[in-house]
Amino acid sequence: MRVKLIGCASSRNEVEWLGNLGETDHEFLDYSYHANPVKLHNKLQELINESQDYDLIVLTYSRCSNSLIGLLSPKVPMLFPQTHDCIGFLLGSNERHLRFVKEKKGTYYFSQGWIDYGRTPYSEYLEYEQKYGTKKARQLIENLYGRYSKAIFIKTPGMENIEYYRGKVKEIADFFGWQLEEVEGDVGLLTSLTQGKIGPDMVYIEPGRRITESHYNP
Amino acid sequence: MSEIFEEIKEAVIDGDEDLAGELAQKVLDENINPVEAVQQGFIKGIEEIGNSWKAGEAFLPDVMMAADAMKAGLAVLEPSIAELGGGDDDTGKIVLGTVEGDIHDIGKNIVGALLTAAGFKVYDIGIDQKAENFLAKAEEVGAQIIATSALLTTTMNAQKELIEYLEEKNLRSKYKVLVGGGPTSQTWADEIKADGWAETADEAVELCKKLIS
Ligand code: B12
């Protein structure tokens, strides 16, 4: 079976660590799509169109502000997580994610991928400081992150240099005066997905059918 | 006169808070109609930057700084706009906030600012707010509209919970409930039986005018 995996940088390390069936082609999109659901939607549709000679298309994108809604693969089935975003995806299930949402208020999450490929709040501050000066930068960062009280580091299996990532998250938490917590990620969902296996919190969609809101509300 | 409106618009686009405040003061000093200054200056500026952001041409800090500049100007003009509005009674009162579990507020703040500019009295209760708090504020101030913002698919359900909460208290018909924010849609609003949804802040203003008239 020839699989095309179109993935988000937020879980790239985990996907690469898990390996795959051998016949999977990976394509990871730039992290900056995070900030623009419409652009992400269009890019995904473009890549799906280009991948019509595979047997299966796997997306590691979650719902992500409904970016996936409306996507259509004419000839190839698609498989993707039913989770809300990369946080739910790395926590392994909607059930666990929603429990976290309820229990842990004011939390900003970090995964290895966010740190490697994304822009952390601290590097964002440094960027704004360069661009707009210290006063404006502080004001912007305060408006963006001023209401958080906690950073949660999602540790996933396969991380090689955990201390480096712990240090990074600690640096950010200290800069903002946030509490720091570490939780175990769960790559069960990701594992099934990369193996093309259908399971809970996953959507398998026949060729020629559009992704709709109802796929997320079974 | 249109020159100062153009200057205001540019100040907002540039995110220049100080200048926006100074120009607003100049509007008052020179007896220029503050409502026109808002509509042809401040709102034009925020609309332009909002469109550039949507098109992927502007960055979020640009939007945020523009919103701050607009806010600074509106703060100066607000009292005289309220006076022109002719007392409190005929302007609508709106309780606005971001739902529980959600900390996003950039869009909500813009909605609040434009509603204020349009002459509504906006009670912004902030972020991460429970249904109880929306209702308590609405009861306290005698609002007609409750408007909630949700930016996460994990938290948008709280918009539905608010409506259920109002039903439970037998107060649903007393308020118009508006919903908005990135993942929401007209379909969602219909599904949860909200009274309205708007995609952008300027549409939110039109909607509120319609709902209250
Ligand atoms: C800026 C931003 C942040 C900032 C928020 C700062 C702040 N003070 O608001 C920061 C960096 C802190 C942040 C944090 C998080 N974010 Co965020 N964030 C965004 C981003 C990039 C832009 C949102 C924004 O401000 N847009 C600009 C404003 C002007 O637009 P708007 O909010 O849509 O508002 C307009 C309309 O919707 C409407 N409107 C808004 N409210 C209302 C209300 C009413 C009543 C009406 C009528 C209209 C209306 O009018 C506004 C003006 O036209 C979006 C992606 C995106 N492009 O949407 C992700 C996004 C919303 N975030 C996301 C995520 C995952 C998170 C985090 C969970 C990440 C983490 N690592 O922990 C946390 C959440 C924390 C929490 N509990 O809330 C995801 C959501 C996925 C999901 N589950 O739905 C998104 C979609 C990014 C993505 N593609 O993954 N985020």
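How many residue pairs in polar contact does the rule find across the interface of domain 1 of chain B and domain 2 of chain B? The rule finds zero such pairs with both residues at pLDDT 80 or more, a polar contact being a pair of N or O atoms within 3.5 Å, where within protein one must be able to donate a hydrogen and the other to accept it, and residues adjacent in sequence count only if both atoms are side-chain atoms. This is a predicted model, in which local features need pLDDT of at least 70, side-chain atom pairs count only at pLDDT 80 or more, and totals for chains, interfaces and linings use all residues. Residues are numbered from 1 along each chain as its sequence is written, chains are lettered from A in the order in which they are written, and side-chain values use heavy atoms, with hydrogens and water left out.

**The two domains**
- An automatic or database domain assignment gives chain B domain 1 (2-85) and domain 2 (93-212).
- The centres of these two domains, taken over C-alpha atoms, are separated by 24 Å.

**The interface**
- Contact, meaning heavy atoms within 4.5 Å, links 13 residues of domain 1 of chain B with 10 residues of domain 2 of chain B.
- Between them the two domains bury about 980 Å², with 78% of it on carbon and sulfur atoms; buried area is the accessible area (1.4 Å probe) that two parts lose on being put together, summed over both.
- In domain 1 of chain B, the residues that lose the most area to domain 2 of chain B are B:K54, B:L74 and B:E78, together 28% of what that side buries.
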